[in-house]
Amino acid sequence: MKSLVWTFPLSFALAAGVLAQQPPGKKGPGGPTDPATAFRFLDTNRDGKVGRQEFVNAPFTKSQPAGMADATFTLLDKDKDGFLTLAEFQGIAALRGGPG
């Protein structure tokens, strides 16, 4: 149980970190400020869902410990179908108390 307590805050921080990424082509400071925009940024094949590979290959995962992106994906994938829906991804904002 101790590792879950340790992993959850790091995983949450990793998932929430995507909200600060700057999408390609966006000029100026900042980036997506809401989960829907961040979700579209992660959905690289534009199929309306984010697969595990899309999530673990996101730029924000490069500075994270090995396996952290995969663990975060598993936490967010509530129905365990191997994809994140926008509704599942919006859970990030609900957990951190922001808009979603």
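Which backbone nitrogen does the side chain of glutamate 54 reach at 3.0 Å? The backbone nitrogen belongs to threonine 44. The structure is a predicted model, and this report starts with its general layout before returning to glutamate 54.

## Layout and confidence

The protein has 100 residues, of which 36% are buried. Its secondary structure consists of 6 helices and 2 strands. Read from the N terminus, the elements follow the order α-α-β-α-α-β-α-α. Among the contacts that join residues at least 6 apart in sequence, 46% link residues at least 24 apart.

The average pLDDT is 73, and 59% of the residues score at least 70. In residues 18-22 the pLDDT is below 50, and this stretch has 26 contacts in the model beyond near neighbours in sequence. Residues 1-12 also stay under 50, with 14 contacts beyond four places in sequence.

## Helix H2 and the nonpolar core

Helix H2 covers residues 35-42, and 6 of its 8 residues are buried. The buried ones are Pro35, Ala36, Ala38, Phe39, Phe41 and Leu42.

The largest nonpolar core is made of 14 residues. Leu42, Val50, Phe55, Phe60, Leu76, Leu84 and Phe89 have the most contacts inside this core. At least two core residues come from each of H2, helix H3 (52-56) and helix H4 (68-76).

Two of these core residues can be followed in detail. Leucine 84 sits in strand S2, which spans residues 83-84. Its relative accessible area is 0%, so leucine 84 counts as buried. Beyond four places in sequence, leucine 84 touches Phe39, Lys49, Val50, Phe55, Phe73, Leu76, Asp77 and Phe89. One of these, lysine 49, is 35 residues away in sequence, yet the two C-alpha atoms are 5.6 Å apart.

Valine 50 has contacts with Phe39, Leu42, Asp43, Phe55, Phe73, Gly82, Phe83 and Leu84, again leaving out residues up to four places away in sequence.

## Helix H3

Glutamate 54 is a residue of helix H3. It is buried and has no salt bridge. The nearest side chain of opposite charge is that of arginine 46, at 6.5 Å. Why is this distance no salt bridge? The cut-off for a salt bridge is 4 Å between a side-chain nitrogen of Lys or Arg and a carboxyl oxygen of Asp or Glu, and arginine 46 is 6.5 Å away.

The side chain of glutamate 54 instead has backbone partners. Besides the backbone nitrogen of threonine 44 at 3.0 Å, a polar atom of this side chain lies 2.7 Å from the backbone nitrogen of glycine 51. Not counting residues up to four places away in sequence, glutamate 54 touches Leu42, Asp43, Thr44, Asn45 and Lys49.

Valine 56 is also in helix H3. With a relative accessible area of 19%, valine 56 is buried. Outside its neighbours within four places in sequence, valine 56 is in contact with Thr61, Lys62, Ala69 and Asp70. Valine 56 and leucine 42 are 14 residues apart in sequence, with 9.7 Å between their C-alpha atoms.

## The salt bridge

The count of salt bridges is 1. Arginine 52 and aspartate 70 form a salt bridge, with their closest N and O atoms 2.6 Å apart. Arginine 52 belongs to helix H3 and aspartate 70 to helix H4, so the pair ties together parts 18 residues apart in sequence. Arginine 52 is partly exposed, at 30% relative accessible area. Aspartate 70 is likewise partly exposed, at 36%.

## Two loop residues with positive phi

Most residues other than glycine have a negative phi. The table lists two residues with positive values.

| Residue | Phi | Loop | Relative accessible area |
|---|---|---|---|
| Arginine 46 | about 55° | between H2 and strand S1 (50-51) | 58% |
| Lysine 80 | near 55° | between H4 and S2 | 53% |

Are these residues buried or exposed? Arginine 46 is exposed, and lysine 80 is exposed. Arginine 46 is also the residue whose side chain is 6.5 Å from glutamate 54.

Notes: Residues are numbered from 1 along each chain as its sequence is written. This is a predicted model: local features need pLDDT of at least 70, side-chain atom pairs count only at pLDDT 80 or more; totals for chains, interfaces and linings use all residues. Side-chain values use heavy atoms; hydrogens and water are left out. Buried means under 20% relative accessible area, exposed over 50%, partly exposed in between (1.4 Å probe, protein chains only). Helices (H or I, at least four residues) and strands (E, at least two) are DSSP runs, numbered from the N terminus. A nonpolar core is a set of buried Ala, Val, Leu, Ile, Met, Phe, Trp, Tyr and Cys residues joined through side-chain atoms within 4.5 Å. Contact means heavy atoms within 4.5 Å. Lys and Arg count as positive and Asp and Glu as negative; His and the chain ends are not counted. A polar contact is a pair of N or O atoms within 3.5 Å; within protein, one must be able to donate a hydrogen and the other to accept it, and residues adjacent in sequence count only if both atoms are side-chain atoms. pLDDT is the predictor's confidence in each residue, from 0 to 100.
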